[in-house]
Each structure stands twice: as C-alpha cells, then as structure tokens.
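Visitor: I am new to this structure and would like a close look at a single part before anything else. Please begin with the first chain, and take your time over it.

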Amino acid sequence: MQKVIQLQNVKKSYNLDNVIVNALNGISFEVNKGELVAIMGPSGSGKSTAMQIIGSLDLPTEGRVFIEDVDITKLSHSNIAQLRGKKVGFIFQTFNLIPSLTALENVTLPMLFQDLNKTKQKQKAKELLALVGLQDRMDHLPPELSGGQRQRVAIARALANDPEIILADEPTGNLDSKTGGEIINLLLELNKKGTTVLIVTHDQNIAKRAKRIITIRDGLIAK
Amino acid sequence: MILEYFKLAVNNITHRKVRSWLTIIGIIIGIASIIALISLSLGLQNSIAEQFESFGSDKILVSAATFQGPGSLSIGLTEKDVETVKKIQEFKVVAPFIAKPGSVEYKGESKFPIIFGGQPKESAELFADTRTLEKGRYLKEGDHYDAILGSRAAKKLFKKEIRINNKIKINGKEFKVVGIFEEVGNQQDDSAISIPLDTFKEIFKSGDQIDFISAQVKPGSNIPEVQKKLERLLKDKRGDENFNVVTPTQILEQISQVLGIVQAVLVGIAAISLVVGGIGIMNSMYTSVLERTRDIGVMKAIGAKDSDILKIFLIESGLMGFVGGIFGVVLGTLLSLGIGQYATEAGFKLLVTINPQLMLFGLFFAFIAGIISGVLPAYRASQLNPVEALRHE
Ligand SMILES: Nc1ncnc2c1ncn2[C@@H]1O[C@H](COP(=O)(O)OP(=O)(O)OP(=O)(O)O)[C@@H](O)[C@H]1O
Ligand SMILES: [Mg+2]
C-alpha cells in the first residue's frame, strides 16, 4: 500500500504572549492511499492543529511530515503553497468561501493558482458543481446559498485540482443532521472513487462509517 | 493569469463601492490639480513667449533703472539719452516713449487708461512688423490730436464702441481716432491709447522726460554686442548707471525663471495633494487587507502563493490609482481649458492647449502612485500566516 501521509513524532506549540501552549505533543501515524479516516477527540485536543499540519497550512515545531514521500518541512514557502494547492483539498466547518465571488468563481480559484488552462478551468468547475448537485446555482454568491449548499460548493472547490487528500475539519458542524448526512455521503462517494479522506468529527455515527478512527487526546494519539 | 487577478481586483474594488470611490477621489484631486497647474503654466509660458514675439526679438529696450512698467513713476531718462542712443550706428529705428494714465472721455463716460506718447514716424516703423492695425492707419508726421486705440480700449473700455474717426477727449482735449490695433492678448497693451509724443508733452506737461526707448537694430547686427556698446556709451554720457538696457530675450529668460519657480511651487503643492491621495489608497488598502484577512487565509489554503496574494493586492491599488488618474486627467484638462477660456475673455490671452503627453504622464503617474501606496499593505497581506488568517473573525 502506498503511504500518502506520514507524521513522525510531530509536536506543535503556540506561543501566546510568552505562554507556550502545547497543541501536539508528538504524534505519529500513517495514512494509506484511498483510506477513509475519522479523527476524534475532545475539544482542544489538537485535531484541527493536526489537520493544518497535514495540509501544510502550518509547519510542526518538531518532527517530520511527508505527503507522498515529500518532506514538506524541507520545502520553500512557494513550493509548499504549490503542493498544498495540488495535493490537498480543505473543507472547513465554516465553509470559508470568498463571499464576493460566485459559486463558479470560488470553485475556479484553486485552478487559477495552479496556472491551468483557462477554458478547461471553467469547464471543470461546472462539472464539479454539477457533481455536488449545484448546476443551477453556479452564479450565486455564497450569502445567497444555504449552509448545505455552501458546503457543497466548498467540496467542489476542494476537488478542483484533483487532490490526493481531502481534509474535512468538522464539515457537518454547522449543518443540521439531514444536510450533514448528505455531505458525509458525498465525501464517502469521493473516497470510493479513490481519494484519501480525513474527517474530524464529534459524531459517533459518522465515525462508525469510517474504517479507521484515530483519537487524539491532549495532543497525543490515544490507544 | 494576470487577467484573472485583474478580475479579482476589480471584484474587490466593486464590492466596496463607496469606500473605493472615496479613495479614488483622493487620487482624482491630486492628478487633476497637477494636470491643471502644469497646463496652465505651460499656457502662461506660451502667452508670454507670443507677446514677446510681438514685441520683436530685434529690439533693445532702454529704461530708467526705476522703470517698473508703463504708468509707474520713473525718473531718469530724458531727450538727451535719446540722442545718445541715436549715436549708435547699428540702430535702424530709435523710438522714445512716455506713458501715463490719462483721463479719457467718450460719450459722457470717463475712464483712465494708459496713454502712450511716441514719435509718429518712429513708432510706426517700429510697429510695422509687430503690431498690425485692425482698422485705420498708424500715426504719421504732422499728426497732433490724433490717436490709435488698443482693441480693448476701442471695444470694451466704454459702453459704446469707439470707431475710426470718432472723437474722444484726453485730459480735456479732443482727439480723432485714426487707427485701431489688433488684439495682442494682454490687457495692458490692448487697453492703451497712443498719441504723438509732442502732443503728449503738451497735455501732460511732462517736459523732456522719457519713460523708455525702444530701438530696433539693423538686420545682421549682433544684439548682445550692440547692447554692451550702448551701455558703455550711456554710462559715459550720463555719468551714472541709473538705466537698464535689456533685450527681449533677456526679459523672456527672466520671466521664464520666475515662472519656473512659481511652477515648481504649484506643482509641489499639487504633488502634496497626490501624496495625500496615495496615503488614502494606502489606508484603504490596509483596511481592505484587514477586512479580507480570512479570504487571504482561504486563498492560501487553496494554493495561493505569497506572490499571488501580493500581485492581487498590487493590481487592486494600481487599478484604483489608474481609475483616479483617468478621471483626474479629464477633470484637470477641463479645468485648465476653462480657466484659460475665462482668462482670455477677461482680457489676458492664455493659450491652454490639450497636451496628450501630459495626459499620458498623468495617467502613468497615478498608476505608479497607486502601486507604491499599495506595496506595504500588499506585502503585509502576502506575509499573513494562513492559519492565523483563517482564525480571523
Ligand atoms: N493559533 C493558535 N494560537 C494559540 N493557541 C492555539 C492556536 N491554535 C490552537 N491553539 C491551541 O491548541 C490547542 C489545540 O487546538 P485545536 O484547535 O487543534 O483543537 P481541536 O481539537 O480542533 O478542538 P475543537 O474540537 O474544539 O475544534 C488548544 O488548546 C488551542 O487553544
Ligand atoms: Mg477544531
């Protein structure tokens, strides 16, 4: 099995006004290509921090992180950005769409930063929006969409550059259980097509649908 | 790709319409004032150059050291000096003049224009190639109570227009109008009235006083040399240095110098307003970066490099500068044309022309000002830590 993600003794501490907060105290795990992993744990245990480090949004204070055998702690700023845009698709609890851009433009944006062919970009974005069932909402601005619809746009955006890995940090946290269920189904479908998916969740029912659960407690992996 | 960034920048600007416009207005004011001031001073330069051309570049002007212009009190030059000037062989014409404000009456109305006294034959020769007549004739030998009017003196000074052969009263004496000059473009000359020197002396009782002597050199003479020679001779004969000998070129140079300083000061003031406009852009951009901190985090999370963020924000500020530049250039040009028109109507011929180079310069300048004002905020935006930016509320 090919390893897509490897964390080796990753520590992360934040310096808040000279108070050191240890968010991760040395976690190591590997995720194989095509896996579906649920990450659980109490609030403040370091789940989001771990996701940010896996997604190369932040660098660990100590330890090493490999994405498909590339040690991201050794990459330059712009190479990290490039890799992040190409290999990782983020889905956030708060959707994080750009409010002044239409659904279509939001989905096109990641391709723009990868310098892809322009006409292909638009075509691809339309296909992705159709995939998440929003073909008739393409020219709407995020404030004109419901929470569930916004999260669908976010999923379409995360898929824009055909990433290896989808990182979803409490993707259903702001949605009712029915809409949340639909979003989870969408993510499961993507996983079936071969994308590696990591979902942070507090919901046991969602976690049960994953073949593997990693529990983080106080910045460490709980056995 | 730049085109896409351009779209993003336009999107950012148009989503904060009011603030964007307020920011752009700052640049508009700055550029408009720079354009207006530069075109006005160019116009002023044109007008002055044109007037000196009409005076003639082959003439030398002698005046008393205290001579400040027609009408001011001047002592020093007399008929004796005229004789001295005539001794120089290189002069073709030597024409003494005297000027004072006089009371002029026409159809019951009284005004006080400047009256010039000059020898009819000499002044006619002097004017032959520089001041053309609109109607009538120059003064000639044998004229006494005859006058030539500036175009403004004839048409605008009195409620009723004065025409050829009309009678006017100067200092109570009746004169016949024999000629009317074409407009030269400065109010003073256009409002003046010329009469024979002898008649002038008679009605003003000015004795043998002379205000200035205008002398035309023969073709091919070396003007600066003639000027030096004349200075030496006058100093010799008079025993003092209480006189000025200047050539039109010299006067033009002096005026240009003064004008240059005035221009520099005005443009400096305009530049300050542009800097203020730039600070406005900077302020707006900082606010924009702050407002969109989260968006910046999002863009980084989906693969934007630091340089991408930098580009987007720089394009945005440059674009605001450019838009401000367009409006500023148009406004500044209209303003200067309007002022030029107004001045010309009021009697001071101000030749303001549309200057494409200046307009391009204004546009470019506004764009650069926008970019420069955007550098710091854009750099700051590009350096934001994505995780912290995403946590921003
Ligand atoms: N940018 C930061 N600056 C300072 N401290 C931080 C920062 N990010 C996270 N922390 C701290 O690190 C710890 C782990 O935070 P994290 O967000 O990873 O928790 P979490 O497991 O995602 O919690 P939740 O389930 O509530 O989302 C917390 O104590 C948090 O206060
Ligand atoms: Mg979290």
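**Chain A and its paired charges**

Guide: Chain A holds 7 helices and 10 strands (DSSP runs numbered from the N terminus, H or I of at least four residues for a helix and E of at least two for a strand). What you see is a predicted model, in which local features need pLDDT of at least 70 and side-chain atom pairs count only at pLDDT 80 or more, while totals for chains, interfaces and linings use all residues. Residues are numbered from 1 along each chain as its sequence is written, chains are lettered from A and ligands numbered from 1 in the order in which they are written, and side-chain values use heavy atoms, with hydrogens and water left out.

Taken along the principal axes, the C-alpha atoms of chain A fill a box of roughly 45 × 45 × 40 Å. The radius of gyration of chain A is 17 Å, which agrees with the value near 17 Å for a compact globule of 223 residues (taken over C-alpha atoms, the rule being 2.2 Å times the number of residues to the power 0.38). Of those 223 residues, 55% count as buried (buried is under 20% relative accessible area, exposed over 50%, partly exposed in between, with a 1.4 Å probe and protein chains only).

Next come the salt bridges, of which there are 29 over all chains (a side-chain nitrogen of Lys or Arg within 4 Å of a carboxyl oxygen of Asp or Glu). In one of them, the side chains of A:Glu164 and A:Lys33 meet at 3.0 Å, N to O. This pair links distant parts of the chain, 131 residues apart, since A:Glu164 sits in the loop between α5 (147–158) and β7 (165–169) of chain A, and A:Lys33 in the loop between β2 (19–32) and β3 (36–40) of chain A. Why is A:Glu164 counted as buried or exposed? A:Glu164 is counted as buried because its relative accessibility is 18%, whereas A:Lys33, with a relative accessible area of 35%, is partly exposed.

A second salt bridge in chain A joins the side chains of A:Glu182 and A:Arg152, at 2.9 Å from N to O. Here too distant parts of the chain are linked, with A:Glu182 in helix α6 (residues 177–192) of chain A and A:Arg152 in helix α5 of chain A, 30 residues apart. A:Glu182 is partly exposed, with a relative accessible area of 32%, but A:Arg152 is buried, because its relative accessible area is 18%.

A look at chain B gives these pairs some company. There, B:Asp240 forms a salt bridge with B:Arg238, whose closest N and O atoms are 2.9 Å apart, and B:Asp240 is partly exposed, with a relative accessible area of 28%. Chain B also has a network of salt bridges that links B:Arg16, B:Arg19, B:Glu291, B:Arg292 and B:Glu316.

One last place in chain B is helix α11 (residues 306–345), where B:Gly338 is found. At 39% relative accessibility, B:Gly338 counts as partly exposed, and its C-alpha atom is separated by 24 Å from that of B:Phe52, which lies 286 residues away along the chain. B:Phe327 is found in helix α11 of chain B as well, and B:Phe327 is likewise partly exposed, because its relative accessible area is 42%.
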